[in-house]
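Q: Could you take a close look at one part of this model for me, and tell me what packs around it? After that, I'd be glad to hear about whatever else helps to place it in the rest of the chain.

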Amino acid sequence: MRRQESPHVSRGCLRQGPRNKVPGAASGADVWAACWAARLLAKAVASKLLRAVILGPPGSGKGTVCQRIAQNFGLQHLSSGHFLRENLKANTVGEMARQDLEKGLLVPDHVTTRLMVSELELRSGQHWLLDGFPRTIVQAEAPDKICDLDLVISLNIPFETLKDRLSRRWIHPPSGRVYNLDFNPPHVHGIDDITGEPLVQQEDDKPEAVAAKLRRYKDAAKPVIELYKAKHKVASLLHQFSGMETNKIWPYVYTLFSNKITPIQSKEAY
């Protein structure tokens, strides 16, 4: 349920104008009515926008699900990883954040939050889907200052499945493209399909580091999930999906979004 707000009317709308009415000019009542109608129209438009978040550990298939949601429903896919990489190229993140990104570590909360809030403010009139943000309870408080969330999707994947996926994952660092040697391999082993540049396996994706990486995610994400569970009691916000394969989870996600927003394609796209 969205927070109820009293329509705000600017001082210009309250001002009645001169007592001696100019012929053909609108009365104070007309101005009031016009401003009131404009405010209600703005709120009606905003209420039709869908704002969603997708949560899940590394290797859970968040990126794939987000791409499908964007393709089927027209939501803007806002990936924190993408924006961080873009800012890294533009030298607009600090040196410590740069080192964290290059090592595959989490960037400090204040850096990620400032960046993502800025991006959300630029998209106040758009449907959007957050991917990779929020990751911590501090980050989770930021979107509430801008708008009400409509959906939070949490992907629950068995630990052993995640471990296997991550240990078989290779990445093209400049673009963030992710390959899996089992179900999404590059055309040429070790080479990015688009640029022909070499792929790398991040240090924390190597088998000996995966377990620790997943534990860090779980510790940080638990209070975030609890926060959205509490809100779910009021607004039916949190929806959790469990499974081992993205293709088996996807139809349920598609149905959920179809009940909230009309698909932009006549046929479901994978």
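**A close look at helix α3**

A: Happily! Covering the buried residues of α3 are elements that include β1 (51-55), β2 (76-79), β3 (128-131), β4 and α10 (246-258). Contact here means heavy atoms within 4.5 Å. Helices (H or I, at least four residues) and strands (E, at least two) are DSSP runs, numbered from the N terminus.

A word on the basis: this is a predicted model, in which local features need pLDDT of at least 70 and side-chain atom pairs count only at pLDDT 80 or more, while totals for chains, interfaces and linings use all residues. Residues are numbered from 1 along each chain as its sequence is written, and side-chain values use heavy atoms, with hydrogens and water left out.

The helix itself runs over residues 62-73, and its twelve residues reach 16 Å from the first C-alpha to the last, close to the 16 Å expected at 1.5 Å a residue. That expected span is 1.5 Å times one less than the number of residues. Buried in α3 are Lys62, Val65, Cys66, Arg68, Ile69, Asn72 and Phe73. They sit on the same side of α3, because they cover an arc of only 165° around the axis; the arc is that of the directions from the helix axis to the C-beta atoms. Buried means under 20% relative accessible area, exposed over 50%, and partly exposed in between (1.4 Å probe, protein chains only). Just after α3, Gly74 takes a positive phi of about 80°.

Cys66 has a relative accessible area of 0%, so it counts as buried. Cys147 is buried as well, at 8% relative accessibility. A disulfide would be a pair of cysteine sulfur atoms within 2.5 Å, and a search of the whole structure finds zero of them.

Beyond α3, Thr113 lies in helix α6 (residues 109-121) and is buried at 16% relative accessibility. Leaving aside residues up to four places away in sequence, Thr113 touches Phe133, Gln139 and Ala142.

Now for the charged pairs. With a salt bridge taken as a side-chain nitrogen of Lys or Arg within 4 Å of a carboxyl oxygen of Asp or Glu, the count comes to seven. One of them joins Asp144 and Lys231, at 2.3 Å from N to O. This pair links distant parts of the chain: Asp144 is in the loop between α7 (137-140) and β4 (151-156), and Lys231, 87 residues apart from it, is in helix α9 (residues 207-235). Asp144 is partly exposed at 25%, and Lys231 is partly exposed at 27%.

Another salt bridge connects Lys229 with Glu226, the closest N and O atoms being 3.7 Å apart. Both lie in helix α9, three residues apart, about one turn of the helix. An α-helix has 3.6 residues a turn, so residues three or four places apart point the same way. Lys229 is partly exposed at 34%, as is Glu226 at 41%. Glu119 and Arg123 also form a salt bridge, at 2.7 Å between the closest N and O atoms, and both of these residues are buried.
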